[in-house]
Structures are given as C-alpha cells and as structure tokens.
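This briefing covers a protein chain modelled with DNA. The points below are grouped by topic and can be read beside the sequence and the structure.

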Amino acid sequence: MIILDGLNPAQREAVEAVEGPVLILAGAGSGKTRALTHRIAYLIEGKGVDPASVLALTFTNKAAGEMKERVERLLGRSGRGMWVGTFHSVCARILRAEAEHVGLDRNFAIYDSNDQLTLVRRAISALEVSDRQYPPAQVRGRISRAKNAMVGPAEFARSAGNIYEQTVAKVYQHYQREIRRSNALDFDDLIVEPVHLFQEHPEVLARYRERFRFLMIDEYQDTNRPQYLLTKLIADGRRNICCVGDDDQSIYRFRGADLRNILDFERDYPEAKVIRLEQNYRSTQTILDAGNAVISHNKGRKGKTLWTERTGGEKVVLFRCANEREEARAILDAVRTLRGTAGRTLRDFALLYRTNAQSRALEDEFRRAAVPYVIVGGLRFYERKEIKDILAYLRVAANPRDGVSLRRVVNVPRRGIGDQSLAKVEDFAFAERITPLEAMGRAEEIEGLGAKVRGAMQRFHALVRGLTEEKDQVSIHRLTEAVLEQTGYLEAVREEEGTVEAESRVENVRELLSAMEEFSERAEDPSLDAFLREVALVSDVDQWDSRADVVTLMTLHSAKGLEFPVVFIGGLEDGLFPISRMAENPEDLEEERRLFYVGITRAKERLFLSYAMDRRRYGSSGESHPSRFLGEIPEPLIERRMPGMFEVEKQSRVTGHGSQEAVTGQRTLDPRLVTRDTRPRSGEVSGAFDFEDTLPFNVGNWVIHPTLGRGQIREKDGVGPETKLTIRFDTGATKKIIIKYASLEPA
DNA sequence: CTCTCGCCTGTTTTT
DNA sequence: CAGGCGAGAG
C-alpha cells in the first residue's frame, strides 16, 4: 500500500495501530506529522473509515492546516469531512452547535486576554476593591488558573482560605456573571464549557462519541486539565485515541499544560500501545548531540534518545558578546556571510529569543543593514488599537450583548459619551433588565443626561442597529466600510495624531479590509460571525508565511513545530534564559531547559548561540553571566568565537599574493584582518576601501569577504556571480579577491 | 467631558 | 525606556 511506503518501522507501526489507545512519543524532527497524516490516510483509505468519524486536534491553526493539506495530498478529495482543528476552534464549533444546552446564543463572542483584563478591571472597580492590592493582571491569572483546574466561582469561594482569595473569589463571581451577560466566552471557557456540557448531558456526549470514533491529538504534552478531560470523555466510548507528543517539548506549563497527562497515559489507558519515534530526520549529529546532552539534565522524562543517520555537521558556534548590540551585529554578520552559501536564502534563517523584548536590538541592526526580516509575535495584527476598534464595532453588531466591545467603541471616535453618562445608562439597563445598548436607544427616559448626550446615544444606538440589520445582507467588507463611513473613524484618526502614526493606522485598516475580502473568497461560511470567530482564534504563527524570502525573528515558544537550516538563539544569559523567576523552582527550570531544547532542535544544519556580558534591562544596563544551560553542552561540540570573526565558507575564496597566505575552504579569520566598506555604494565596484572594521562589506550587490590592511581596488574583472578584484594594500601587498555571492537584490 | 502632563511600573512564554 | 494610567485643569 502506497500509504505505508517510505515509512520507517516505528512510523509504520504508528500508522497501522488504528484500534485502541496509542501513545506516540515523537522526538523532535522524527516525522511526527508524517506519521499522523499517514495514519489518518490509512484509516480512511486502508480501513474504509468514514472521514467524518475522524477528529484531529492540534494547538495551532497552522498545524491543523498543514495536517489537512497533507492528508488531502495523500487521499485527494476523499479526506473531506474529517474534523481537523485546534482545540479552541473545534470547541467553538461544538458550542455553537449546542448553544442551547450551554445557555448561550449561537453568535457568542470570544474574549481574548485583553478583553478579559478589561472585564476584570471593571469587576474590581464595581466591587470597590483596590486595584493596587489586587492587580487586575494577577487576578486574571488566578481566575484563569481556577478555570483550568475546573474550579467555578462558587467552589472557588468555598475553598478560599484567606482574605485575598475571598476577594479574588468575589471578582471571579462578578467576572463570570458579566461575561455570561455579554454572551461571551473567554479562551478558558471555550474548553471548559464543552467539558461541562458533556458531563451534564450524557445524550449529547453519546452523539459526539458516536460521531468521533477515531480521535487524534497532536502535542499532547501541552494539554491542560480541561483539554485532557475533553479528550478522555470523547475517547472513553470507542477508546480509539491516539496521542502524539514529546514530553521533552512541553513548554506551556504557565498556561496550565500538565505534563502528567502524557506521563500517565498508560495509567489512563492500561491497554495502550506505546510507540517511540526516535530517528531524527532534521538535524545534524552535532546539533542532536547538543540537544540530547542538554535535555538529559531533566529528571521528569519518559526518556528517549534521538539519533540520526546524518553523521557529523558543523560545530555549534557560540558568540560571546559585549552587549546586545554587538550580539545583534554578530548575528547579522553571520547571516550575511552564510547567505548565498550552500544555496541559502534569507528564509533559511531564524533568530530565536526568550522574550519578545529582545527582538528590538536585532530589528535595529537588520533594519539598518536593510536585510529584510519578519517578526512573528509581539503585538499581533488583530491586537492593534485601530483593528480592535473596528472589530469591536462589528462584534457589537454581531452580538449586541457584548459589553466589553460596546464600551470600547461607544466613545470612539469621540461622541461626548463619557464614563458618567455611561454609568447612568448601565444603571438604567440594569433596572429595566435590558442591554446597555437598548438603554441607549431609550436615552430620553434616562434621568440626568444632557440633551447632547442623549442625542449622541440615540445616534449611536441607531448606528449599531443599522449594522446589525445589515450584517447578513452585505459582505463583511462592505459592512466594515459602512462602519468607517458612518463613524468617520479614519478622519478622526488622522486628525488626532501626527501623520506618521496615523497613516500606518489607516494602512492597517486597509489591510483589515483586504484580509476580509480574502476571507470572503476563501471561507465556506463568509458570514460576519464566522469571520469574528476565526479572528479571535488565529495566532501570529498561523499567519507567518514561510515562502517570503526574509529572515524570521520569533520567540522560542512560537518556533515550536518549525524548522530552519540555520538557527540563532540569542540572550543565553542567566536571568534571561533561564529567566530568573524560573530558575528558583526545579520544575520551572526544567521547563526552561525544555524550551532551550526546543530551540536547539529547530536547527537542521547550523546552530549559533550567543550571550551578552552586559544587557540593558529596562533602561539601565547590567552585568550578565552566561546561561547555565551553555555548560550542559559538551565542550567538543562548541566552537567559541568573538563577534566579528566569521567564516569563509567553501564557495567564497580569497587568493593571496606576496606574503599573504591563501585562504581556502572554511576557517575563521582574525577579526583584525576583516574589513568593511565604509561608503554607501550603488553597484559600482571601484574606489578605495577602508579596511579597519571587522565586518564583511557590501559592494553593490556583492558581499566581499574581506582581507587585510588598507588598500585600493586596482582592477576588477567580471560581473555576475563571480567578480575578481585586485586590491593593492598600503603595505604594498597586492591581493586578488574572487567574490562569489548569490545575493538577490540590493536589500 | 477631554486633554495633558508626569509618574510609575514592568519583561516570560500564548490558544 | 516605553507605554499605560491617574490626577488635575480647561
């Protein structure tokens, strides 16, 4: 059978074990997705299983999309009908279908962590609790943790031991009441509610068990308690559950992920078959050795050792840098040097870091050098102010009960409806048992409002009413244009700020409009409701386009599941990685180590690590020390370098005359011998060079891997991928340099 | 109700 | 150092 071809014995076993519980322990780069997709294909094609009875759960839309695509590639259209999606999107789908059992309207809103925070703040102020003693972010964290432990407000209140907890309990209660009144769910509810639904409605559960006879879960090590319960509830029907994961790559403990789910799989399913995928197809032996060595310092593991047939490989390069700026330059230099060698283009490079803030220094250098890059993560597109504003209008139109969104836009752009007036509206709404939006429609009846405010409220009410009526009649794109026109949003933005900021905002709104058009063309269900649901559940990595030829910058967390020929991991300093708060508790430290392991194992060919001896942390600078994790990599695997030292890779050659040795092949040059063009140029190779810096230099489209001393170009010969230069140095030596470089365009 | 200024606080990671 | 938030004035 074609589906079984090209699989190694372990993968094959994973594919063929379709009945009963199966745990696939899949090491990094071991062909996990391959095994999973082939397994699904085998089920459908080989075993004649109806695609509609297959449910595959992932953590990111990207992973889900990839899985779907690859199964379809194997099966053609016959894979249609299976459910492949993230936990969150599948749950949203189930809740929508079963809304009446949950006490929600089908068009419920999904609140992200920012919306949550707004709601927590409101609860705190409504309860007249001090937000200094109870920082909203912290309280939100407590509520989220409670939800992930399946503890509701009532139970939380019962078990609250001290004043602090009792107060949090009150906020939690208020929060939960408000979010329900808003016909909304937060990310945690999205998973928790289906669990409740299944627990309380056996007949509903039975329906889903009947439907999903084959359950597959990717990244099982990252499941939290509600996710675990959810899968267990469904799987306990037919017990055809296949979990794929790697305990060494569990990095979401802070989000409630519970490593015990994977470690105790065999206890939950005693008849389980456990399959280990240990052959790595991604990395060189050296990189794998480094990774294995690091992760072996962890205690709580299932234990497995990755191996590869690809022996050897370049050593792991470690840069010791004076500060973060020098670190950024060292990385930039390495990218420029390696670019073009071995056919590498910019998309082959990934710069990984522990915290988003670290991207700044890298960004500065790359921007200055005009090397194109993308940053994944940080502030997401859909979290930008202007985008959230527009979306909030749409969310209110879709779900008029959405209180958080209503508050967000009621006075944006300014309409003169402030907190005072809004409070009166809310009191009135509460007394009349109507929504605040409806209350605004009846502004005439509300006492103590000025005539102006009343008018503004009625106009606002009419605006939203109009949108609600139109929302299913016109495309989301048209609807959004209506919002922009009727609110004068863009004009207001332009007026408010200096043109620089404002223009980029306007630009972002345009981007939103085109994203909507794209959605309308692509989506099965192009409705506003569907769009809002998708938007609430996309992450930045989902949108990352691996085809663009640019360097990728992202956090180690975002990098999970991806691979790159060349990987840089920066900021390997104690206190930053591992982050100081995580270094105190052994379990947290192990998680940091797993994160490092994830980073290392993203690399296929080359791995560069770096640390700075002085790192600025909020403004002030401070002395840093190399990360303890560095000491866990065996010394023979490491090549230590100073920034500015670079390698002349095999394709570039410098031939010497006179006293200079020919430099061929790969070696490291003394930084003093290296140079940089100090003048701006535009394609013409000529003139004098100042050989005093320590970096390779650009001449037009070329990068010259430098030589020594000071000198001038005497001759040049050839254009295209190979140019010969003759340089006469001040020392009297003459050098011929052959430049071979496959730069694409002047960056 | 809006705006401005200045203080303060925080950087862990995200569906 | 930055962005967010509160206080106080117009």
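In this predicted model, the residues around DNA strand C are Arg121, Asp131 and Arg360. For Arg121, a side-chain N or O atom is 3.1 Å from a phosphate oxygen of DNA strand C. DNA strand B, by comparison, is surrounded by 28 residues.

**Surroundings of DNA strand B**

- The closest of the 28 residues around DNA strand B are Arg354, Arg414, Gly418, Ser539 and Tyr618. Of the atoms of DNA strand B that come within 4 Å of the protein, 56% belong to sugar and phosphate.
- By residue type, the surface near DNA strand B consists of twelve polar, nine nonpolar and seven charged residues.

**Phosphate contacts of DNA strand B**

- Asn356 takes part through its backbone: one of its polar backbone atoms is 2.9 Å from a phosphate oxygen of DNA strand B.
- Asn411 takes part through its side chain, where a polar atom lies 3.1 Å from a phosphate oxygen of the strand.
- Ser558 has a side-chain N or O atom 3.3 Å from a phosphate oxygen of DNA strand B. The elements that give two or more residues to the surface near this strand are α20 (419-432), α28 (556-559) and α29 (580-583).
- Helix α20 gives the most to that surface, with three residues.

**Val412 and its setting**

- Where along the chain does Val412 lie? Val412 is in the loop between α19 (403-409) and α20.
- Why does Val412 count as partly exposed? Its relative accessibility is 21%, and a residue counts as buried only under 20% and as exposed over 50%.
- Apart from neighbours within four places in sequence, Val412 is in contact with Asp389, Tyr393 and Tyr489.
- Val412 and Ser558 are 146 residues apart along the chain, and their C-alpha atoms are separated by 33 Å.

**Strand β1 and its partners**

- Strand β1 covers residues 22-26, and five of its five residues are buried.
- Both faces of β1 are covered. On one side the buried residues are Val22, Ile24 and Ala26, and on the other they are Leu23 and Leu25.
- Strand β8 (residues 273-277) runs parallel to β1 and is joined to it by five bridges. Within this pairing, Ala26 has Leu277 of β8 as its bridge partner.
- Strand β7 (residues 241-245) also pairs with β1 in the parallel sense, over four bridges. Here Leu25 has Gly245 of β7 as its bridge partner.

**Chain A as a whole**

- How many helices and strands does chain A have? The secondary structure of chain A comes to 30 helices and 23 strands.
- Chain A has 747 residues, of which 55% count as buried.
- Among contacts in chain A between residues at least 6 apart in sequence, 71% join residues at least 24 apart.
- The exposed area of chain A is about 32,900 Å², and carbon and sulfur atoms supply 47% of this area.

How values were computed
Residues numbered from 1 in each chain as written. Chains lettered and ligands numbered in written order. Predicted model: local features only at pLDDT ≥ 70, side-chain atom pairs only at ≥ 80, totals over all residues. Heavy atoms only, no water. Near = heavy atom within 4 Å. Polar contact = N/O pair within 3.5 Å; in protein donor to acceptor, adjacent residues only side chain to side chain. Nonpolar A, V, L, I, M, F, W, Y, C, P; charged D, E, K, R; others polar. Buried < 20%, exposed > 50% of the residue type's maximum accessible area, 1.4 Å probe, protein only. Contact = heavy atoms within 4.5 Å. Areas by Shrake-Rupley, 256 points an atom, 1.4 Å probe, with all protein chains shown as cover. Pairing = 2+ DSSP bridges.
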